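Please open the model in a viewer and keep the selection panel at hand. The tour proceeds by selections, each followed by a description of what is found there.

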Amino acid sequence: MRHDTLLPAYEVYALRYAAHDRPRRDNFIAGSDPHDAAMPMDYFVWVIRGQGAVWLVDTGFNAEMAQRRARQFLRCPIASLAGLGIAPGDIGHVIVTHLHYDHAGNLDLLPKARIHIQQRELHYATGCQMCKPLFRAAFAVEDVIEVVKGVYADRVSFCHGDTRIAPGIETALIGGHTDGLQVVRVHTQRGWVVLASDASHYYENMDAEMPYPIVFHVGDMVAGWDKVRALADSAQHVVPGHDPDVLRRYPAPAGLPADLVGEVVSLHEAPVR
Ligand SMILES: [Zn+2]
Ligand SMILES: [Zn+2]
């Protein structure tokens, strides 16, 4: 065990709620690959539990958004947390890695949760860059409005760069993919795990240093991979945001209901492959 005994050791789970069949060429900046195999994408939310509290990292999208974007909707990510014994009212905090539609929907289902987001991300999502379809395409304005409403309702905590959310739960500003993307670093029984979200969609984006095509600032994205590596205890402690391989690498928690078997894994346990 590498964990620091002075810090809490949290449970961390990935829950898949949607999927999308797509070719490899959609997942790398042009020129990455001469052939064009299938390379499907999974959509996750992540749960941190410990010290009698629950933090949800990102909130997914709903069935209507799935239909609008032609994604395969598997389950409501919020309702499905019941399979881990978590009711929506148990979620005191939501850490939003960035405001893209697949990470920041469903906030209406969590009216009591405190939202933690980089100030820079809300500036980006409401500022002049959103005049450009290139940059606003992956945002849904209703999600952005929900966060702005949260500001006026006193339920938003702004992160300014690298921020401690609680003992053993930290965020780090990466940018790149969006201007204010943050990753989440969690202390577990196996050491510091980093939920990379869209700092690296797939293991391969980071390992091959080949950016995903939705990117605001390529230099920040590339530098972000080094930062993510430095924050994690090893390469085996980095969890990409959309890679189906996550569900194959990590063990499932005990006691899952039948419909969640193969859909939820424990990231605080060592990978099994
Ligand atoms: Zn994104
Ligand atoms: Zn995403």
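Begin with helix α4: among its residues, Asp143, Val144, Glu146, Val147 and Gly150 are buried. A residue counts as buried if 20 or more other C-beta atoms lie within 10 Å of its own, as exposed if 12 or fewer do, and as partly exposed in between, with C-beta atoms placed from the backbone. Viewed down the axis of α4, these buried residues fall within an arc of 155°, so they line one face of the helix. The arc is that of the directions from the helix axis to the C-beta atoms.

This is a predicted model, in which local features need pLDDT of at least 70 and side-chain atom pairs count only at pLDDT 80 or more, while totals for chains, interfaces and linings use all residues. Residues are numbered from 1 along each chain as its sequence is written, and chains are lettered from A and ligands numbered from 1 in the order in which they are written.

**Around helix α4**

Select residues 141-152 to display the whole of α4. Its twelve residues should span 16 Å at 1.5 Å a residue, and its end C-alpha atoms are 17 Å apart, which agrees. The expected span of a helix is 1.5 Å times one less than its number of residues. Next add β6 (114-118), α2 (119-126) and β7 (156-159), against which the buried residues of α4 pack. Contact here requires that the C-beta atoms of two residues, placed from the backbone, lie within 7 Å. Then move to Asp154, just after α4, which takes a positive phi of about 65°.

**The chain as a whole**

Now show the full chain, which has seven helices and 13 strands. Helices (H or I, at least four residues) and strands (E, at least two) are DSSP runs, numbered from the N terminus. The C-alpha atoms fill a box of roughly 45 × 45 × 35 Å along the principal axes. Of the 273 residues in the chain, 45% are buried. Among contacts with a separation of 6 or more, 67% join residues 24 or more positions apart.

**The five-stranded sheet**

Select strands β8 to β12, which form an open sheet in the order β8-β9-β10-β11-β12, with mixed pairing. β8 (163-166) and β12 (238-240) stand at the edges with a single partner strand each, so one side of each is left without a neighbour in the sheet. From one strand to the next, the twist averages 25°. Angles run from 0 to 180 degrees between N-to-C directions, and axes are lines fitted to C-alpha atoms, for helices over the stretch in contact.

Start at the β8 edge. Three bridges pair β8 with β9 (residues 169-173) in the antiparallel sense; two strands are said to pair if DSSP finds at least two bridges between them. Arg164 has Glu170 in β9 as its bridge partner.

Continue to β10, residues 182-188. Five bridges join β9 to β10 in an antiparallel arrangement, and Leu173 stands opposite Gln182. Seven of the seven residues of β10 are buried, so the strand is largely enclosed by the rest of the structure. Gln182, Val184, Val186 and Thr188 point one way, whereas Val183, Arg185 and His187 point the other way. In a regular strand the side chains alternate between the two faces of the sheet.

On its other pairing, β10 runs antiparallel to β11, with five bridges. Arg185 stands opposite Val194 in this pair, and the two strands form a hairpin with two residues between them.

**Helix α6 across the sheet**

Add α6 (residues 218-231), which lies across β9, β10, β11 and β12 and runs at about 155° to β11. Which residues of α6 are buried? They are Met221, Gly224, Trp225, Val228 and Leu231. These buried residues pack against β9, β10, β11, α5 (203-207) and β12.

**Strand β1 and its partners**

Finally, select β1 (residues 11-20), in which seven of the ten residues are buried, so it is largely enclosed by the rest of the structure. Nine bridges join β1 to β2 (residues 41-50) in the antiparallel sense, and Glu11 is partnered by Arg49. β1 also pairs antiparallel with β13 (residues 264-266) over three bridges, where Ala14 meets Val265 as its bridge partner. With β4 (residues 72-73), β1 forms two bridges, again antiparallel, and the bridge partner of Ala18 is Phe73.
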